[in-house]
Amino acid sequence: RTQAEMAHTCRGTINLSTAHIDTEDSCNIVLSNGGRTYHLKANSEVERQRWVTALELAKAKAIRMRNNQSDDSGDEEPASQSDKSELHGPLKTLSSKLEDLSTCNELIAKHGAALQRSLSELENLRLPAESGEKIKAVNERATLFRITSNAMINACRDFLDLAESHSRKWQRLLQHEREQRIRLEETIEQLAKQHNSLERACRGAPGLASATTSISSTAKGSVQSAKGEASDEDEETEYFDAMEDAPAFITVTADPKHHRRSGSNLSGASEGHPEDWNLEDSVFESSNQSSYNESTCKDLLPKKRRRTRIPDKPNYSLNLWSIMKNCIGKELSKIPMPVNFNEPLSMLQRLTEDLEYHELLDKAVKCESSTEQMCFVAAFSVSSYSTTVHRTAKPFNPLLGETYELDRLEELGFRSLCEQVSHHPPAAAHHVYSRRGWTLWQEITIASKFRGKYLSIMPLGAIHLEFHSSGNHYVWRKVTSTVHNIIVGKLWIDQSGEIEIVNHKSKDKCQLKFTPYSYFSRDVPRKVTGVVSDADGKAHYVMSGTWDEKMECSKILHSSHGSTSMEGKQKTVYQTLSPKVLWRKYPLPENAENMYFFSELALTLNEPEERVAPTDSRLRPDQRLMESGRWDEANVEKQRLEEKQRAVRRRREAEAVEALEEGKDYEGYIPLWFERKVDAVTGELICVYKGGYWEAKDKQDWSMCPDIF
């Protein structure tokens, strides 16, 4: 209280700043100030110690307030106080917490000395009768010391939390300003060098004069995001940020009319002809007209009516930390998890979900050029990540021998089969055949680590894609997925790393870079960039976009070596035609936020179907119970299935030991529909489809299937 407030306090009030606090025995407190004394009694010794500590802290604050009265005279102008409040507020709070630490330090020193004296007296005792009282005094001092120490620890925690939060804020602001200044300097220097380079290129190729003049006159402020949305001031020039581990490049979009007249005069590291970029008839142009519901190839046959919704996700609370604290550093597949962390799909179904944009491969079949075909394959490889942007829940780990089929041969032209071929480490084999001219197969092993704040998911294994007519065989691998804010905050997913797609027949390559999210980066979030080049290293197309929205392709007309960046890397300037959208994400269904953010395809993946194998994921009882909203029953069923699988594994291990003792070979688990072979392209041992599943389905002969559910 201030002095003015103290003058109008209630009768019997004691000013703590001048009060004396003492104790009489284990439960009584004496509070005195001048001629006024109060005797207070607590219910227990522990409660008395808490009151004494609280009164000591309050007294210290009252003394500080009294000493600061002269500093808070109120003579400053209100406007000045308002301007300085944002700065002085945190400083005053920090000072207050520091004073609390100082007070607690004095109290610890005081009570520590008293405890020491009591211990000394206890050591010098000779009469047993006195020992009881002294021991009681020691205990009293020890209790007081403990409570005061706890108060100091709490004050320290408050002080550190406050200091850290403000320190991080100021550090981010300072770092952001530094980054902006450095980027501004680099951009200005870069634009100046590009301006000179383009002028020199213009002198060497007169046909480029008009386009270069347009670029030069509007180069200022023309650097833009990789999404390719040109600014109002510069609608014909686009710059793409360079890949870190590849030669840095910049693309400049030129007017096709100028290049049609002068294409034969182009010179440089690589050249192209704009006539190849047919605006009316190319497969690229037709890619802009496709959609999930309005694709001509899909409307040739009547589509079976599929479900468009599932039961809403229940709002169940869960103590996340009680489960996660024992999981740090362990393999995710070996951690027993309740279904609260899952979505009602298995990993086999999530793998099948990569085919949502299969029409990209249908269009790729029609491409006559292998580099054009590579663009569609690259867009397909990126599209498989679009479903993950909101999907933070974990799919069910498949049981060993579990399968999943997606037969859309009559509707969409393909049929897909997955089988869980290994449990530790978890591995799934996948085979897709399309009557429209392509086959895809892969064996994916998921390696995952929980690190406390984030979860890293590393898919291991190659994806193979072969086109029947051309024989082009493409191979690539997936990037790392990271789930952030596992313990505190809102979950979010990021994709990072590089994908190298190789056509093993023509030796064409595509390097795609998934840029990880950075708080200080000016790049568009979830950015993907890349270059398609032939066997000689000649660049033909630039890929750009985001893995959650769309991918675009720009045909390269001319390339030349540009300036050197601040890191010492030489930039390559690609002059391209206007980009074309190869792939765009389908909008989510209505009410998707309450249905695990499932896409239209994902909503149909667990829809019950007849004639499927008894090992199909649709028949898994815990997954079906979860989808129905019966999570408690699903957890019980999940534990039953996992224990059944452990019993089978123990029996198999016992058989292996018995075979070893008898000197026999033990093959272990043998996949039912897949077999292991050495891949002729990569040289890796991979599970490939050996046939028989669809024939067994036609006959409805599932006698060879194991009982896993």
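Strands β2 (residues 28-33) and β3 run antiparallel in this predicted model, and six bridges join them. If you would like one pair to look at, take Asn-33: its bridge partner in β3 is Arg-36.

Now step back to the whole sheet around that pair. Three strands make up an open sheet, ordered β1-β2-β3, with antiparallel pairing. β1 (20-23) and β3 (36-41) are the edge strands, and each has a single partner strand, so one side of each has no neighbour in the sheet. On average, and ignoring direction, neighbouring strands here are turned by 20° against each other.

Next, move along the chain to strand β10 (residues 427-434), where you will find His-430. Is His-430 buried or exposed? Its relative accessible area is 1%, and the cut-off for buried is under 20%, so His-430 counts as buried. The side chain of His-430 has a partner there: a polar contact of 2.7 Å links it to the side chain of Ser-416. Setting aside neighbours within four places in sequence, His-430 also touches other residues, among them Leu-351, Thr-352, Leu-417, Trp-441 and Phe-674.

Finally, let us turn to the nonpolar cores. The largest contains 65 residues. Those with the most contacts inside this core are Trp-438, Leu-465, Trp-476, Ile-501, Leu-512, Phe-514 and Met-543. Helix α11 (residues 370-383) is the element that gives the most to this core, supplying eight residues. A second core, separate from that one, has 14 residues, including Leu-417, Ala-427, Trp-673 and Cys-687. You have already met Leu-417, as one of the residues in contact with His-430.

Definitions and conventions
Residues are numbered from 1 along each chain as its sequence is written. This is a predicted model: local features need pLDDT of at least 70, side-chain atom pairs count only at pLDDT 80 or more; totals for chains, interfaces and linings use all residues. Side-chain values use heavy atoms; hydrogens and water are left out. Two strands pair if DSSP finds at least two bridges between them. Helices (H or I, at least four residues) and strands (E, at least two) are DSSP runs, numbered from the N terminus. Axes are lines fitted to C-alpha atoms, for helices over the stretch in contact, and angles run from 0 to 180 degrees between N-to-C directions. Buried means under 20% relative accessible area, exposed over 50%, partly exposed in between (1.4 Å probe, protein chains only). A polar contact is a pair of N or O atoms within 3.5 Å; within protein, one must be able to donate a hydrogen and the other to accept it, and residues adjacent in sequence count only if both atoms are side-chain atoms. Contact means heavy atoms within 4.5 Å. A nonpolar core is a set of buried Ala, Val, Leu, Ile, Met, Phe, Trp, Tyr and Cys residues joined through side-chain atoms within 4.5 Å.
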